[in-house]
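Student: I've got a model open and I'd like to talk it through with you. Can we go over it piece by piece?

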Amino acid sequence: MRHPVFPDIIPAVIPQQSHAKVVIAGPCSAESRNQIIETATALKESGKVDLFRAGIWKPRTRPGGFEGCGSEGLKWLQEVKAATGLKTATEVATAQHVMEAADAGIDTIWLGARTTTNPFAVQEIADALSEMPDRFGILVKNPANPDLDLWIGAIQRIYNSGARRISAIHRGFSVYGTSPYRNPPQWHIPIELHRKMPELQLIFDPSHTGGKRDLVAPLAREAYELGFDGLIIESHCNPDCALSDAAQQITPSELKYILENLVFKPAGEPTQRMAELRSRIDCLDSQLLEVIAQRMELTDEIGRLKLDNGIPVLQPQRYETLMETRVAEAENLGIDRKFMSSLLAILHEESVKRQLALKGRL
Ligand code: PEP
Ligand code: MN
C-alpha cells in the first residue's frame, strides 16, 4: 500500500446518499435575484442536487465581457439557502473574496482554472483560509494549462493552510486551435492525479470541458465510467439569455433528465477471461521492454560512432524517413497515426538525450 499524500484530507462535498455521486449545479454567473431564485428552486425540486453553484466574481478571458454581479450576489445566495435549504458555492480569486464569502455564509468555495495557474493567487487564498481552516469545503479546479504539478501544488497550498475538506475539479485543459471541446479533457491527467492521490475526491465539470450543451451528457457518462466521484454542471433557468457561457448551460429539467439517464453500474469482479488476457499483456509488456532496451543499446552504439566520426547527433533526414515508414507500417497494423508519431517522438527524444549525454561523458 502506498502512503497517502494527504492522509487526513476529506471530501469537500458530501452526497445526499452515502453511495451516490456528488452533483453540484447552478448557473455560470449570478445575474439577478430572479434568475438565481428561479434556477435554485427548480434545481432543488429536481431532487438531484447537493450543492448550488453561482459565480459572483467572474474572471473573463477578455475585458468587456460580463464580469459578475459582485458582492450583491452573495445576498441572493443567502436567500437560496434560506428558501431551498440548498448549500451554496461560489468562486474566489482573492483573500477579499474569501472574507466576503465567509461573512455571507457561503458553504463551499472553488478556485477557478485561471487562479490555480497562479501560485501567488493560490497562496493569498490559502493565507486567508489559515485564519478559518474549517470554514469552507474547498474545490480546486485544474489549472487552464495541462500541468499536473501546478494542480497538485495548489491543492498542497490549500492543505497547508490547515483546511482538510478539499476536493479537485477536472474541467479540461485549454488548447490553441480547433477542437471539438472547449477544453479537451486529456483524461490521463486526472487519472494520474487519482493514482497519486486516491484519497482526493475528484469531481468532473462537463460544462467547461465541452463548452456545448450537447456534450454535457456524453462527457458526464465518460467521467462516471472512469470512476469520478461527482459532477459540477452549469444550469440556468433560461440558458439562451445567460450573460456568460450561454452555449454550455442547460435548464434544470434538462439536467434532471441527463442525471436520470446516467446509470452507473457498481464495479463488477474481473472475470477469468480477463485474468488470462491480463497475463498475456504482462508477457507482451516484458517483450516490449526488452525490445526497447535493445533499441537503446543500438542507439548508444550509433552515438559512439557519431562521436568518433564527427557526425552531429541530430539527423533530421533519418528522423523523417523513420517517422514516415514506421507510421505507415503502424497504420497497416491498425494503430492510430497520431499515437504512433507521439510514441516515436518520445523514443527518438530519449535516444538523442542519451547520445548527447554520451558526448558529455567522454
Ligand atoms: C466557472 O466554473 O464558472 C469557471 C469560471 O470555470 P473555469 O475556472 O473552469 O473556467
Ligand atoms: Mn462558466
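Student: Let's start with Gln186: what is its relative accessible area, and is it buried, partly exposed or exposed?
Tutor: Keep in mind that this is a predicted model. Gln186 sits in the loop between strand 6 (166-170) and helix 7 (188-196). Buried means under 20% and exposed means over 50%. Gln186 falls in between, so the answer is partly exposed, with a relative accessible area of 30%.

Student: What is the phi of Gln186 near?
Tutor: Gln186 is a residue other than glycine, yet its phi is positive. The value is near 40 degrees.

Student: Where else should I look for a positive phi in a residue other than glycine, and what is the value at Asp245?
Tutor: Asp245 is found in the loop between strand 8 and helix 10. At 12% relative accessibility, Asp245 counts as buried, because the cut-off is under 20%. Its phi is positive too, near 50 degrees.

Student: Which residues coordinate the manganese ion (ligand 2)?
Tutor: Asp245 takes part through OD. Along the chain, the donors of the manganese ion follow the spacing C-x179-H-x25-E-x10-D. The distances run from 2.0 to 2.4 Å, and the full set is Cys28 (SG), His208 (NE2), Glu234 (OE) and Asp245 (OD).

Student: How many residues apart in sequence are the parts that Cys28 and Asp245 tie together?
Tutor: Both Cys28 and Asp245 coordinate the manganese ion (ligand 2), and both are buried. Cys28 lies in the loop between strand 1 (22-26) and helix 1 (33-46), while Asp245 lies in the loop between strand 8 (230-234) and helix 10 (252-260), so the pair ties together parts that are 217 residues apart.

Student: What about ligand 1: which residues surround it?
Tutor: Look in the largest cavity, which is where ligand 1 sits. Two of the manganese donors, His208 and Glu234, turn up around ligand 1 as well. The surrounding residues are Arg53, Lys58, Glu91, Trp110, Gly112, Ala113, Arg114, Lys141, Arg171, His208 and Glu234.

Student: How much of the accessible area of ligand 1 does the protein cover?
Tutor: Start with the polar side-chain atoms: one of Arg53 lies 2.8 Å from an oxygen atom of ligand 1, and one of Lys141 lies 2.7 Å from an oxygen atom of ligand 1. Arg171 has a side-chain N or O atom 2.7 Å from an oxygen of ligand 1. On its own, ligand 1 has 290 Å² of accessible area, and the protein covers 99%.

Student: Moving on to Gln355, which side chain does its own side chain make a polar contact with?
Tutor: Gln355 is found in helix 13 (residues 337-361). With a relative accessible area of 6%, Gln355 is under the 20% cut-off and therefore buried. Its side chain makes a polar contact at 2.9 Å, and the partner is Lys306.

Student: Is Ser253 buried or exposed, and how far apart in space are Ser253 and Ser341?
Tutor: Ser253 lies in helix 10. Its relative accessible area is 54%, and since over 50% counts as exposed, Ser253 is exposed. Ser253 and Ser341 are 88 residues apart in sequence, and from C-alpha to C-alpha the distance is 44 Å.

Student: Zooming out, what share of the protein's residues count as buried?
Tutor: The protein has 13 helices and eight strands, and its C-alpha trace spans about 80 × 45 × 45 Å along its principal axes. Of the 362 residues, the share that counts as buried is 44%.

Notes:
Residues numbered from 1 in each chain as written. Chains lettered and ligands numbered in written order. Predicted model: local features only at pLDDT ≥ 70, side-chain atom pairs only at ≥ 80, totals over all residues. Heavy atoms only, no water. Donors = N, O, S within 2.8 Å, 3.2 Å for Na, K, Ca; no water. Helix = DSSP H or I, 4+ residues; strand = E, 2+ residues; numbered from the N terminus. Buried < 20%, exposed > 50% of the residue type's maximum accessible area, 1.4 Å probe, protein only. Near = heavy atom within 4 Å. Polar contact = N/O pair within 3.5 Å; in protein donor to acceptor, adjacent residues only side chain to side chain. Areas by Shrake-Rupley, 256 points an atom, 1.4 Å probe, with all protein chains shown as cover. 1 Å grid on protein atoms, 1.4 Å probe; cavity = no way out; pocket = protein on both sides within 12 Å on 5 of 7 lines; lining within 4 Å. Sits in = over half its atoms within 2 Å of the grid points.
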